[in-house]
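Here's a quick tour of a few packing and pairing details. Have the model open while you read, and click along as we go.

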Amino acid sequence: MEKLSQRLAQLPESETIAMSQRSRELREQGYDIINLSLGEPDFPSPQHVKEAAKKAIDDNFTTYPPVPGILELREAIAAKFKRDNNIDYKTSQIVVSTGGKQALANAIYSLIDEGDEIIIPSPYWVSYPAMAQLADGKSVFVYAGIDQDFKISPEQLEEAITEKTKVLLLNSPSNPTGSVYSFEELEGLSKVLERHPNVFVISDEIYEYINYDEKHHSLAEFDSLKDRVVIVNGVSKGFAMTGWRIGYIAAPEWLAAACSRLQGQYTSGANSISQKAALAAIDGPMDYTFKMVEAFRRRKELVVKLAREIPGLKINNPAGAFYLFPNVSAFFGKSYNGKTIENARDMSFYLLEVAHVATVSGTAFGNKNCIRFSYATSDELLEEAMKRIKKALADLA
């Protein structure tokens, strides 16, 4: 007999599953699919990181690590915050987890009780609402369209806060939009939060280093908020270490202790070898990261240029991450071979079937008018993909 818990039975499936399945089917049929749906760097991990992992294995560093992370790594993370962000944290305020997703989940599950409201700016990363649901919280979406560069205003935040609001979940640089909140924009949000001392902030900063326009900023920089901010970060994006599965939080000491206690009950400490690799990344030279970011900058400029040459596409100019999130609503109602494009999901499947380019529908991210391109692939593939997309869109009538 199969009888799932109500918690899992009510959890929605990922919007990307059907797209991934259809992409695989077309590849198996021999079609040349260009994948612009991937959310990870297309670079190998740095050599010194791999060498550190090999040394850890040779040194037999293979026993259970401490639940919140090995001390050397937490010291390096604290030093990184001082070096890169001018924010002071003690090692007791750092918890290392199995990927940024677990770090984020730890913070949400430690703060949210049934009925608590989590303000989530929309568009959002796909897992935010599901995590809120698993915590029995209520997601409150605050919509910011392309005309706002997909960033909420202080006025919108003020309007969304109620007596039940417990957390603002902010992501900058953003997946899926590539938008980055400036210091001035964060300062505006901070003034609202100062008036609501019971609201905490979970700040997802996993794309911190992939930032093209200015220095990265965080709400934790504001003294009035620091004791209410949880920074979520990790090594996956900035160091091309997605498979190593190392994320971390910096938080008020009492909350870090709670996250460590929670983690101790369902995974304990993160992989010991990966922690040594992450230590080498965070404590080592940044040259590799800077070269990778320059490659992403060049690709971003290429994709933006090519997208602006496609009539009907409406785009912003992303300042970080490696995504473009164009508004495709100008094509809704148009058809090709008897198939009408009604929404972003239809558009993503149309581009897959006709242009053989895999994208992700904006519906997965809380925006029904946009689709997400990842430019974490080669210049040649990007040029070919945009050429195919331009032709496929021109064929709609």
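A crossing of two helices counts as right-handed if the near helix is turned clockwise from the far one by less than a right angle, and left-handed if anticlockwise. Keep that in mind for the helix pair below, and remember that this is a predicted model.

**Two helices crossing**

By that rule, α5 passes α9 in a right-handed crossing. On the α5 side, the contact is made by Q102, N106, A107, Y109, S110 and L111, and α9 brings W254, L255, A258, C259, L262, Q263 and Y266. Sort these contact residues by type and you get 9 nonpolar, 4 polar and no charged. As for the geometry, α5 (100-111) and α9 (residues 253-266) pack at an angle of about 110°, with their axes 9 Å apart. Angles of 65 to 115 degrees count as roughly perpendicular, so that is the label for α5 and α9.

**What α6 leans on**

Helix α5 turns up again as a partner of α6: the buried residues of α6 pack against α5, and also against the strands β3 (117-122), β4 (138-143), β5 (165-171) and β6 (200-204). Which residues of α6 are buried? In this helix (residues 127-134) they are S127, Y128, P129, M131 and A132. Just after α6, have a look at D136, which takes a positive phi of about 65°.

**Two open sheets**

The strands that α6 packs against, β3, β4, β5 and β6, sit in an open sheet of 7 strands with mixed pairing. In this sheet the edges belong to β2 (94-97) and β4; each has a single partner strand, so one side of each is left without a neighbour in the sheet. From one strand to the next, the twist averages 20°.

There's also an open sheet of 3 strands, and its pairing is antiparallel. Here β9 (323-324) and β13 (360-361) take the edge positions with a single partner strand each, so one side of each has no neighbour in the sheet.

Here are the two sheets in strand order:

| Sheet | Strand order | Pairing |
|---|---|---|
| 7 strands | β2-β8-β7-β6-β5-β3-β4 | mixed |
| 3 strands | β9-β14-β13 | antiparallel |

Want one strand pair from each to zoom in on? In the 7-strand sheet, β6 and β7 (residues 229-234) pair in the parallel sense over 4 bridges, and S203 stands opposite I231 in β7. In the 3-strand sheet, 2 bridges join β9 to β14 (residues 371-374), and these strands run antiparallel. There, Y323 stands opposite S374 in β14.

Conventions: Residues numbered from 1 in each chain as written. Predicted model: local features only at pLDDT ≥ 70, side-chain atom pairs only at ≥ 80, totals over all residues. Heavy atoms only, no water. Buried < 20%, exposed > 50% of the residue type's maximum accessible area, 1.4 Å probe, protein only. Contact = heavy atoms within 4.5 Å. Pairing = 2+ DSSP bridges. Axes fitted to C-alpha atoms, helices over the stretch in contact; angles between N-to-C directions. Parallel < 35°, antiparallel > 145°, perpendicular 65-115°, else oblique. Nonpolar A, V, L, I, M, F, W, Y, C, P; charged D, E, K, R; others polar.
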